Amino acid sequence: MARYFDVHPVNPQRRSIDQAVALIKADGLIAYPTDSCYALGCRLGNKAGLDRIRQIRQLDDKHHFTLMCRDFAQLGQFVHVDNAVFRAIKAATPGSYTFILPATTEVPRRLMHAKKKTVGARIPDHPVALALLEELGEPLLSSTLLLPDQEEPLVHGWEIKERLDHVVDAVLDAGDCGTVPTTVVDFSQGDPEVVRHGAGDPSRFE
């Protein structure tokens, strides 16, 4: 059974964050809130966690996983960002955008797009997600909590607990954080290409 944490959406309780991070470090898989719906998350080096996300969401090897990063310093360790791209991303973060970028050697190969060697990266604008990242000290490997039989992501912590009780290790419930996923911008070829319109205003990249 999954642990259930009722977390304040603005001032998350330190004890809950510490316990959730301990589970992540022990190779657990969590469901947690972001600024654009709930997500599944685990450590980068957690191969079993990656496999569990793939299984829960029924994903193929063309899916771009996202590295949820605390700040730009952390993001820059895992993706290649030139000056022009840096300025464009900096102006839009933290926020509801995921950026597809070439991965550095810090990223395990199994997390990259099979052919393009790219990965998604983003800096969230949600107190709970940021508190987790601060305490963890490394990015969270993440994927939107959208189940194969659903048209929209799950928004209620109790429902996530009910549906995923035996396949995740913890649910952090911080209330409804919406059903609209991030806007995805692909910078892998240099110029921005909006490949998914979502919660972030896409006009700045079009």
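**A walk through the sheet, a helix and some rings**

Hi everyone! Let me start at one small spot: right after helix H1 comes Asp-27, and its phi is positive, near 65°. Before we go on, please keep in mind that this is a predicted model.

So, what about the helix just before that spot? H1 covers residues 14-25, which makes 12 residues. From its first C-alpha to its last it reaches 16 Å, close to the 16 Å expected at 1.5 Å a residue.

Which residues of H1 are buried? They are Ser-16, Ile-17, Ala-20, Val-21 and Ile-24. These residues cover an arc of only 130° around the axis, so they sit on the same side of H1. Here is a handy rule for that pattern: an α-helix has 3.6 residues a turn, so residues three or four places apart point the same way. And what do the buried residues of H1 pack against? Their partners are strands E1, E2, E3, E7 and E8, together with helix H5.

Now to the sheet. How many strands does the open sheet have? There are 10, and if you walk across them the order is E1-E8-E2-E3-E7-E4-E6-E5-E9-E10, with mixed pairing. At the edges stand E1, residues 3-6, and E10, residues 193-196. Each of these two has a single partner strand, so one side of each is left without a neighbour in the sheet. From one strand to the next, the twist averages 35°.

Let's zoom in on E7, residues 140-144. Four of its five residues are buried, so E7 is largely enclosed by the rest of the structure. As a reminder, strands of a sheet pair through backbone hydrogen bonds, either parallel or antiparallel. E7 runs antiparallel to E3, and four bridges join the two. One spot to look for is Leu-40, which stands opposite Ser-143 in E7. E7 also runs antiparallel to E4, residues 66-68, and here three bridges make the join. Thr-66 faces Ser-142 in E7, while Met-68 has Leu-140 as its bridge partner.

Two more helices deserve a look. Helix H5, residues 127-136, lies across E2, E4, E7 and E8, and it runs at about 125° to E2. Helix H6, residues 157-164, packs on the sheet too, touching E1, E2, E3 and E8. The direction of H6 makes about 170° with that of E8.

My last stop is the aromatic rings. The structure holds six aromatic pairs. Take Tyr-97 and Phe-205: their ring centres are 5.5 Å apart and their planes meet at 75°, so the pair is edge-to-face. Where do these two sit in the chain? Tyr-97 is in strand E5, whereas Phe-205 is in the segment after E10, 108 residues apart, so to speak, distant parts of the chain linked by one pair. Are they buried or exposed? Both Tyr-97 and Phe-205 are buried.

Phe-205 also pairs edge-to-face with Phe-99, at 5.8 Å centre to centre and 70° between the planes. Again distant parts of the chain are linked, with Phe-99 in E5 and the two positions 106 residues apart. Phe-99 is buried as well, like Phe-205. Finally, ring pairs link Tyr-97, Phe-99, Phe-187 and Phe-205 into a cluster. Thanks for listening!

Technical notes:
Residues are numbered from 1 along each chain as its sequence is written. This is a predicted model: local features need pLDDT of at least 70, side-chain atom pairs count only at pLDDT 80 or more; totals for chains, interfaces and linings use all residues. Side-chain values use heavy atoms; hydrogens and water are left out. Two strands pair if DSSP finds at least two bridges between them. Axes are lines fitted to C-alpha atoms, for helices over the stretch in contact, and angles run from 0 to 180 degrees between N-to-C directions. Contact means heavy atoms within 4.5 Å. The expected span of a helix is 1.5 Å times one less than its number of residues. Buried means under 20% relative accessible area, exposed over 50%, partly exposed in between (1.4 Å probe, protein chains only). The arc is that of the directions from the helix axis to the C-beta atoms. Rings of Phe, Tyr and Trp (its six-membered ring) pair if their centres lie within 6.5 Å; planes under 30 degrees apart count as stacked, over 60 as edge-to-face and the rest as tilted.
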